[in-house]
Amino acid sequence: MDCFDAIVAGSGPGGAFAAYGLRGKRVLLLDVGYDAAASPRLSGNVYDLRRTRDDLFPELIGENFESLHNLHDRPISLKLKSPLLSFVVRDWRSLTPIVSQTFEGVISLAKGGLANAWGAGVYRFTNRDLSGFPISNDDLQSCYDELVRHIGVSGANDDLEPYFGRDEALLPPLELSPLFSDLLARYERARDEFARAGAFVGRARLAVLTQPLNGRAAYEYENLEFFQPHIPAIYTPSYTIDQLRSEGAIAYLSGRLVERFQERAGCVEVHTRNIETNEMEVWRGRKLCLAAGTLNTARIVLQSAGDYATRLPVLDNPMACIPIFSLRRIGAGLSLNDSSLAQLNCVIEDRDSGEPVQGTLYGSTGPLRSDVLFTLPLSFRSNLTLLRHVAPAGGLLMLFYPGVESPRSYLRLSPSGELEVEFAECSGNPEIEGRIIRLLRRIGYLTHPALVQRPGMGQALHYAGSLPMRDKPGPYQTHADGRLAGTAHVHIVDGACFSRLPSKNLTFTIMANAMRIGRLLARGLS
Ligand SMILES: Cc1cc2nc3c(=O)[nH]c(=O)nc-3n(C[C@H](O)[C@H](O)[C@H](O)COP(=O)(O)OP(=O)(O)OC[C@H]3O[C@@H](n4cnc5c(N)ncnc54)[C@H](O)[C@@H]3O)c2cc1C
């Protein structure tokens, strides 16, 4: 049987960049790999589309009313329910099921993974963020730098530089909407007061092009992020997978569900189920990189060991969502050219631990009005009128707390193949929330602790830490090169190998770490 130098399972950020690091070797990438339907692209901004198109129902709501999902079912991220983006979460419940009382997240079996719908916020981990990892920022630096050149990152070196690091290769930041350029100007005038309170505001760092790069066009402010997949300016790992395929750097096989692996002398056998024919197939590689997303990577590892007893840890960032309002902008006209991407970031230092807590500020014009309509207290008609006037004045601060280890946050495989995933409840930090609320009020942005919403665990979609890297790994832990303890050739390259989860979007570090491990393996395979 043919033996590849390396097999990579999964084509999300982890899989794409493990394969990228392995260039020059014979690499097979196995993936379930659902992709967007080949429907015509929506183009033009939402207002032009509404003027020029008779009916946007199929794209915005969906023939099966997909976009109204959250009105009658457990809520999922607003992006993942729109019809053209629903491929991102297609079939996960049947192919890789989860049973849980507490988990409110999803799994992706798409080419490019969850990052087809991501917010593209990309942040380098500092050495503080990496405490507990057996690697430091120096080990990741050259990979972060190469990523910036490959995917393009816009942003600025500003007050958030101590938390995000200095980056000389950033593209100019996105244009701010009127609401957030006002907020930034007011912050700049009150900067000293914010600093004394341990809070800082600056531009978001986004894998979004503000200038053409590597054949991709710059962002056009069409505000279609909630509805349109594969917007060229917004990076997704599919672009890298397509590039690696066209260069002949990888063989890519979709429709393959990796179920388990088995080590043999000098190689690993990977057992997949062909999801079209239901037949089992076996592939061989000298190395295996598991990048099926933390939850499915852990499932494959437990399934390979036939282990239905062990509870592995699992982390996600607990979230707090704080609506903000500017009375000055109530009734203002909406901008024709807008964006649903992150506008600004803020960092608030935890006074007890010194740990920075990171937040992202979003506008309110991206999602459908029906997504918030029924949460307002007035009649349907009055709520609609209210929303129309309040939309230009409203935004959302989304705070991510560090992931917390707890015996009540775990995953375990059941003999029937379902993954049991439970998360301990987390109530956030009222002192931090109170502090940022007071500061925002000081600069004219109204909000109140009673308005804070706490999405259920799993909704941050930042899963990590189930097979953590350790200096001296024990069972179900990994070495600094991602190698799973007790195996010779199996490497974990997604968030599962994170040693901790700081209050910072993790995907840029999943990519950098996967590239680092891919490069290390490529060197060893010569
Ligand atoms: C709405 C939204 C917003 C987000 N915003 C951000 C953000 O701004 N910044 C940020 O850092 N992160 C963000 N994220 C999270 C980010 O998308 C994930 O952290 C990232 O995609 C995880 O990458 P991964 O490679 O580990 O796994 P995934 O992206 O989950 O990819 C898993 C891959 O494995 C494949 N796969 C799974 N199981 C199997 C199997 N058994 N056999 C074969 N193939 C398999 C899938 O097809 C897929 O290709 C966001 C996510 C969402 C949904």
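This is a short walk through the strands, helices and contacts of the structure shown above, which is a predicted model.

Let me begin with the sheet of five strands, which is open and has the order S4-S11-S12-S13-S10, with antiparallel pairing. Its edges are formed by strand S4, covering 199-203, and strand S10, covering 319-325, each of which pairs on one side only. From one strand to the next, the twist averages 25°.

At the S4 edge, the neighbour is strand S11, residues 344-349, and the two run antiparallel and are joined by five bridges. If you would like a residue pair to look for on your screens, Val201 stands opposite Cys346 in S11. At the other edge, S10 runs antiparallel to S13, and seven bridges join them, with Phe325 standing opposite Gly394 in S13.

Now, S10 is an edge strand, and one may reasonably ask how many of its residues are buried. Six of the seven residues of S10 are buried, that is, they fall under 20% relative accessible area, so the strand is largely enclosed by the rest of the structure.

Two helices should be described together with this sheet. Helix H8, residues 178-189, lies across S4, S10, S11, strand S12 (356-363) and strand S13 (394-400), and runs at about 135° to S4. Helix H14, residues 430-442, also packs on the sheet, where it touches S4, S10, S11, S12 and S13, and its direction makes about 15° with that of S10.

I turn next to the sheet of four strands, which is again open, has the order S3-S15-S14-S9, and shows mixed pairing. Here the edge strands are S3, at 98-99, and S9, at 312-313, each pairing on one side only. Within the sheet, strand S14 (residues 410-413) and strand S15 (residues 419-422) are paired in the antiparallel sense over four bridges, and Leu413 of this pair stands opposite Leu419 in S15. Helix H11, residues 294-305, packs on this sheet and touches S3, S9, S14 and S15, while its direction makes about 40° with that of S14.

The third group of strands I would like to show is the run S6, S7 and S8. Strand S6 (residues 256-264) pairs with S7 in the antiparallel sense over eight bridges, and the bridge partner of Arg256 is Asn274 in S7. These two strands form a hairpin with two residues between them, and in that turn Gly266 has a positive phi of about 75°. On the S8 side, S7 pairs with strand S8 (residues 280-290), also in the antiparallel sense, over six bridges, and His271 stands opposite Val282 in S8. This second hairpin has five residues between its strands, and Asn278 in the turn has a positive phi of about 70°. As for S7 itself, residues 267-274, seven of its eight residues are buried, and the strand is thus described as mostly covered.

Let me move on to a contact between helices. The axes of helix H6 (residues 137-151) and helix H15 (residues 507-524) come within 9 Å and cross at roughly 110°, which makes H6 roughly perpendicular to H15, and the crossing is right-handed. The contributing residues of H6 include Leu140, Tyr144, Leu147 and Ile151, and those of H15 include Phe508, Met511, Met515 and Arg519. Which classes of residue make up this contact? The residues of the contact of H6 with H15 divide into ten nonpolar, three polar and four charged.

H6 appears again when we look at helix H10, residues 237-246, in which Pro237, Ser238, Tyr239, Thr240, Ile241 and Leu244 are buried. The buried residues of H10 pack against H1, S2, H6 and strand S5, at 250-253. H10 is followed by Gly248, for which phi is positive, near 75°.

Finally, I would point to one glycine. Gly24 is found in the loop between helix H1 (13-21) and strand S2 (27-30). Is Gly24 buried or exposed? Its relative accessible area is 72%, and because the cut-off for exposed is over 50%, Gly24 counts as exposed. The C-alpha atoms of Gly24 and Ala522 are separated by 7.7 Å, although these residues are 498 residues apart along the chain.

Definitions and conventions:
Residues are numbered from 1 along each chain as its sequence is written. This is a predicted model: local features need pLDDT of at least 70, side-chain atom pairs count only at pLDDT 80 or more; totals for chains, interfaces and linings use all residues. Side-chain values use heavy atoms; hydrogens and water are left out. Two strands pair if DSSP finds at least two bridges between them. Axes are lines fitted to C-alpha atoms, for helices over the stretch in contact, and angles run from 0 to 180 degrees between N-to-C directions. Contact means heavy atoms within 4.5 Å. Angles under 35 degrees count as roughly parallel, over 145 as roughly antiparallel, 65 to 115 as roughly perpendicular and the rest as oblique. A crossing is left-handed if the near helix is turned anticlockwise from the far one by less than a right angle, and right-handed if clockwise. Ala, Val, Leu, Ile, Met, Phe, Trp, Tyr, Cys and Pro count as nonpolar, Asp, Glu, Lys and Arg as charged, and the others, Gly among them, as polar. Buried means under 20% relative accessible area, exposed over 50%, partly exposed in between (1.4 Å probe, protein chains only).
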